[in-house]
Structures are given as C-alpha cells and as structure tokens.
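Grab a pencil and keep the viewer open. Here are a few exercises, each with a solution worked out step by step.

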Amino acid sequence: MDLTNFTIKEAHEGLVGKKFSAQELAGAYLDKIEKENDKIFAYLSISRDLAVSQAKLVDEAIAQGEDVPTLAGIPMAIKDNIMVDGLQCTSGSKILENYVAPYDATVIKKLKNYGAVILGKTNMDEFAMGSSTETSAYGVTRNPRDTSRVPGGSSGGSAAAVAADLCGAALGSDTGGSIRQPACFCGVVGLKPTYGAVSRYGCTAYASSLDQIGPLAKTVEDARTVFGAIRGQDPMDGTSSDFCEKQNTRTKFRIGVPKEYFIKGIDPQVETAVMRKLNEYEKQGNELVQISLPHAEYALACYYIIATSEASSNLAKFDGIRYGHSNQGGNGIGDIYLQSRGGGFGPEVRRRIMLGTYVLSAGYYDAYYVRAQKVRTLIKQDFDKAFESVDAIVAPVSPTLPFKIGENMDDPLQMYLADIFTISINLAGVPSLAVPCGKIGDLPVGLQIIGKHFDEATIFEIGKQMQE
Amino acid sequence: MLSKEETEHIAKLARLGLSEAEIAKYQKDLSAILGYIDKLKEADIEGVKPFTHSIDVANVLRQDVKTERTKEELEKLRSQIPQTKDGYLKVKSIF
C-alpha cells in the first residue's frame, strides 16, 4: 500500500483505524523524499529525527485510546522562512546559511500541539522575493507536473512537495501571490488567509503590511483543516486578531467576475479554462455577475513601492553583526555591513532593497510611497464596493501557464507581471483560495476565490463545490 | 533614467557593497521598474487618505515588563554571533 497519496482526512482515518501507524506514515514519506527530492528539489533540509519523535508520540496517544486531532500524525512540509526550533532556517538566502532557529514560530507551536509531523523545510525564492523559486541561493525547484518548468513562487518548494506526494500538506507564505501562484502552477490548493487571521511571529518578514502564512494542500477540505489549526490571535503579532470565522450555511452563491481580470495579455487557454469552470458553476444554480475593480491596473505598481519599502526596512537587520553571514574583512564596522550584505544577498533581493531605499529616500517619499498608499486605499475600496453585491469574486490566479525555467530571469519586470492577478488581494487584505480548475496537456490551470475579510468559510464552501 | 551617481548613492544608503558591473545593472533595472511605476501618476488620488490598516486593529499594547529567558535560550542566540569576546558581541571600530 502506498501511504503517500492520502488526503489529510484519509490519512487520519487510516491512523485512528490502525491500518498504519504514524511512524510508518512518516517513514514512507521520508523514504520517498530521500529517493525523489533530487529530481525536483522541493526540500532544502529534512528533519528525520524530529519527524520520527513526533510520530512516536502520536502512536502512543492512539495506542492509549486517546481521541487525536485530525492533524495528528500528518506529515507536513514547512517553507524555509518559518522557524522550527533547532532546525536551519535560511529563507532561501546565503546570508542565513548557518542560521538555526532559536524558537518555534507560533504556527509551528500550534501544529506541534495538534500532533502534526514536520518532515523538513522547503525551498523558496530568497526572502520570498520571486515568482518562480529561481531566486533561491540553493538551487531551482522543478515543477513536478513538468520538470522543465518552474513550480511558481515564492512558496514553490511547498507547492511542489504537495503535488509530488512528498508531504501530506505544507505551509507557505503569501505577500503578493506566493502561496496561490505556486499552488496554481503545481495543481494544488492554496489559501492566502485574511490579513491578521494567522500570526506571523517566527516568519521572516518581507513586507509586513502584506505577509500572511497559509496552507497548501491536496484538497480544499485539507486546506481548511490546516487553516483551522494555525489561525487565531497571538500576543506576539500585534496585527493578528481573534476573529470569529464567519459561519456559512448557504449552498448557492452570487459570484462576481471582474472584467479587469480577463484582458489582453492573459493566455487564452487560461481564460477559457477559468470561464468553463465558472459557466459550469452557474449551471449548478449559482449566479454570475460581471463586476468592476477599476483600480486593478495600478495594483502591481502600487505593490512594488509598498513591498520594497517595507523590505528595505525589514532586511536592514541582516548586518553581519549578530547572526548570519558575516564578512569581517576591511576597516571598521561600515565595511562589515557593506560586504556582508553585498555578498550575502542575491541579485533580486538587492534589487528590491535598492528600489525600496530609493522610493523612501528624501525628496521621493511623497511622490512614491504616499501616492502608493493612497492608491492602495482606492484598491481596497474597489473590493469593499464589489462585496456589497456579491458573496465572492472569482478570477484567474496567473495570466499564464507555468513558464520554462530561466525564461523570465533576465527581465525583472516580466517576472513581476506573473503576480498581476494576485497582488490586489494582499493590498486589500482579503482572503483568497486558489483551486485547480483544469489542465492544458500536463499543465494545471487555477482560479482563485476571493472573499470578504474573515469570510474564509464562504470561499472554502465555494472551493469545495467547484472541486466536486 | 537614474544616473550612475544616484544608483551608487542608493547602494550606499542601503549598505550594499556592489561592484561597478552590479551598479550598471541596477541602474538599468531600477530605471525600467521606475518607468513602470510612473503609471501611478495616472491615478486620481484627489482627497483620498493614505492606507493604514486593512482590518481595524488599534493600539495593540502589552505591559512593559521584562520576561525571563533561560540560559539555554540565551545560548541559542549567543552561539550564532559571528564575533564574540568574553561572552560579549564584538564589533570593529565604529569610527
């Protein structure tokens, strides 16, 4: 019996029904990772000892007849910008090559309390800055559906691990699409929760007004199980809120289809696949209405001012003094900064730090940063207005199919355009669930279901219906 | 178009030690990205307030009290410092 292609629900039933043990389940995944990780390079590091010791505890609990949570014994992969006590945590960067996490992120503490088993840390674009996992300092992750193509990014390692059955489910982070776009490229489910729904304590910050941790999983139901475990207010993250997830009892919905997301530039095959799914959904008794998000065209420009501004500040702490890569040559402390940062950060991270530094610098602050924050208000108001008349909004995740490795690496602007449909959601702080909606040959196409603030229940329900 | 001098100045502000070739590359890249970002000038922002929060949370505070850390916890942090002397963090001359 192959133990590695179960959903969380199926694995849970197998564990409590004593068809297999948590140690056997973890062992099956660890063996498979050992054999197959080289092909796609989803994992940067494997935590066999931790996984085995966690699985053993779950087996003991089950043997004693305890009622274990759904996540107990489920083998999970963790993006390498989320800290697991005692494990290396590189954020895909050379500047953190030797950094060992001194504590558990809040989401990890929660997963451990639920008995989830941590298999290892997954590859990512350096400091989550990228849309293909190609900016990792440690090598390129390949898309398991077609290994000549990228898995998307920045949570490409987590998405590839889920798609290749190298974990039961995974955690990623999403600042401008970094969970949804790789989920879409690898044909799995990914949730960017409402801003504030999940604590970021212990997640290396990229752009703090946009970052959210969320699940990648094989099914909508599995994503919901993981989200249920990690969400909630945390005193260690002042932006997290103790919200009550809205309850949903309805089964038919009014779906907004934004005209600005079906425009020239989108791959016609992607558009057709998304529209086909939407028309199917309409035939099942749901209503489709065309809506407008008029400021959508400014989202990408707005994002690259706000995200890089915050990044230039957040990444100032990597200075070669307290931890991480340190180049002690030269004269005085100034040279340690210049050399450790110049040599420790990769090209894309340096590019974004430079951009953020420029737009915040004297004389440019009002023209760029303040203007971008005003446009951000307009983008959020677009969503507020749309949600007065619809339950959710459906749009493509990516304008293209997964692209070839190396295809966009020489043109940063072209790479940034990969995020054109995902970025507004982070700017507005609303939740969005990416689900597969078809295939062109071997390549998956995905759509995203965007919800009201803290209304994950509705988008999960719609996602579940669409998946069936 | 950013000048070479402006690009060098940004690298200095950002504390990034870059080679001549890298400066030339970023001068080109940043100019292209800034050209794209100029799109924002088309947006009508008359009377619009800058964005601050996507959800309404305000004044999340905690007591300003010291929390005790164990020796082991401190050692985890200390062991990652690149240069130490007698248990202290050591840096080069700051002038």
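**Exercise 1. Find the mean pLDDT of chain B, then find which of its elements score lowest and highest.**

Solution. Remember that this is a predicted model, so start with the confidence. Chain B averages a pLDDT of 92, and 100% of the residues score at least 70. Next, go element by element. Strand S2 (residues 88-89) of chain B has the lowest mean, 91, while helix H1 (residues 4-13) of chain B has the highest, 97. To finish, look at the scores for the model: ipTM is 0.95 and pTM is 0.97.

**Exercise 2. Work out which elements of chain A give two or more residues to the side that touches chain B, and which one gives the most.**

Solution. Begin with the contact itself: 53 residues of chain A meet 40 residues of chain B. Now sort the chain A side by element. Two or more residues each come from helix H9 (299-314), helix H10 (332-344), helix H11 (347-360), helix H12 (365-386) and helix H13 (412-416) of chain A. H12(A) gives the most, with ten residues. Last, sort by class: this side of chain A has 27 nonpolar, 18 polar and eight charged residues.

**Exercise 3. Lay out the strand order of the eleven-stranded sheet in chain A and say which strands stand at the edges.**

Solution. Write down the order first. The sheet is open and reads S1-S3-S2-S4-S6-S5-S10-S11-S9-S7-S8 (chain A), with mixed pairing. Then check the two ends. Strand S1 (43-46) and strand S8 (287-291) of chain A each have a single partner strand, so one side of each has no neighbour in the sheet. As for the twist, neighbouring strands are turned by 30 degrees against each other on average, direction ignored.

Now see what packs on this sheet. H2(A) touches S1, S2 and S3 of chain A, and its direction makes about 20 degrees with that of S3(A). Helix H5 (residues 156-163) of chain A lies across S1, S2, S3, S4, strand S5 (189-192) and S6 of chain A, and runs at about 155 degrees to S4(A).

**Exercise 4. Take strand S4 (residues 169-174) of chain A: are its residues buried or exposed, and which strands pair with it?**

Solution. Count the burial first: six of the six residues of S4(A) are buried. Split them by face and you find Ala169(A), Leu171(A) and Ser173(A) on one side, with Ala170(A), Gly172(A) and Asp174(A) on the other, so both faces are covered given the cut-off of 20 or more other C-beta atoms within 10 Å.

Next come the partners. Strand S2 (residues 75-79) of chain A pairs with S4(A) in the parallel sense over three bridges, and there Ala77(A) stands opposite Ala170(A). Strand S6 (residues 212-217) of chain A pairs with S4(A) in the antiparallel sense over six bridges, with Ala169(A) opposite Ala217(A).

Step one strand further along from S2(A). Five bridges join S2(A) to strand S3 (residues 117-122) of chain A in a parallel pairing, and Lys121(A) is the bridge partner of Ile78(A).

**Exercise 5. Describe how helix H2 (residues 22-40) and helix H3 (residues 48-63) of chain A are arranged.**

Solution. You want two numbers here, the angle between the axes and the distance between them. The axes of H2(A) and H3(A) come within 8 Å and cross at roughly 155 degrees. That angle makes H2(A) roughly antiparallel to H3(A). Now list who touches whom. H2(A) puts in Ala22(A), Gln23(A), Ala26(A) and Leu30(A), while the H3(A) residues include Arg48(A), Ala51(A), Val52(A) and Asp59(A). By class, the contact has seven nonpolar, one polar and three charged residues.

**Exercise 6. Check the backbone: where are Ser154(A), Arg15(B) and Asp86(B), and what is the phi of Arg15(B) and of Asp86(B)?**

Solution. Take Ser154(A) first. A cis peptide bond joins Gly153(A) to Ser154(A), with omega about 10 degrees, and Ser154(A) sits in the loop between S3 and H5 of chain A.

Then go to chain B. Arg15(B), not a glycine, has a positive phi of about 55 degrees. Arg15(B) lies in the loop between H1 and helix H2 (20-37) of chain B, and is buried, with 20 other C-beta atoms within 10 Å.

Asp86(B), also not a glycine, has a positive phi of about 50 degrees. Asp86(B) is in the loop between strand S1 (84-85) and S2 of chain B. With 5 other C-beta atoms within 10 Å, Asp86(B) is exposed.

Technical notes. Residues are numbered from 1 along each chain as its sequence is written. Chains are lettered from A and ligands numbered from 1 in the order in which they are written. This is a predicted model: local features need pLDDT of at least 70, side-chain atom pairs count only at pLDDT 80 or more; totals for chains, interfaces and linings use all residues. Two residues are in contact if their C-beta atoms, placed from the backbone, lie within 7 Å. Helices (H or I, at least four residues) and strands (E, at least two) are DSSP runs, numbered from the N terminus. Ala, Val, Leu, Ile, Met, Phe, Trp, Tyr, Cys and Pro count as nonpolar, Asp, Glu, Lys and Arg as charged, and the others, Gly among them, as polar. Axes are lines fitted to C-alpha atoms, for helices over the stretch in contact, and angles run from 0 to 180 degrees between N-to-C directions. Angles under 35 degrees count as roughly parallel, over 145 as roughly antiparallel, 65 to 115 as roughly perpendicular and the rest as oblique. pLDDT is the predictor's confidence in each residue, from 0 to 100. A residue is buried if 20 or more other C-beta atoms lie within 10 Å of its own, exposed if 12 or fewer, and partly exposed in between; C-beta atoms are placed from the backbone. Two strands pair if DSSP finds at least two bridges between them.
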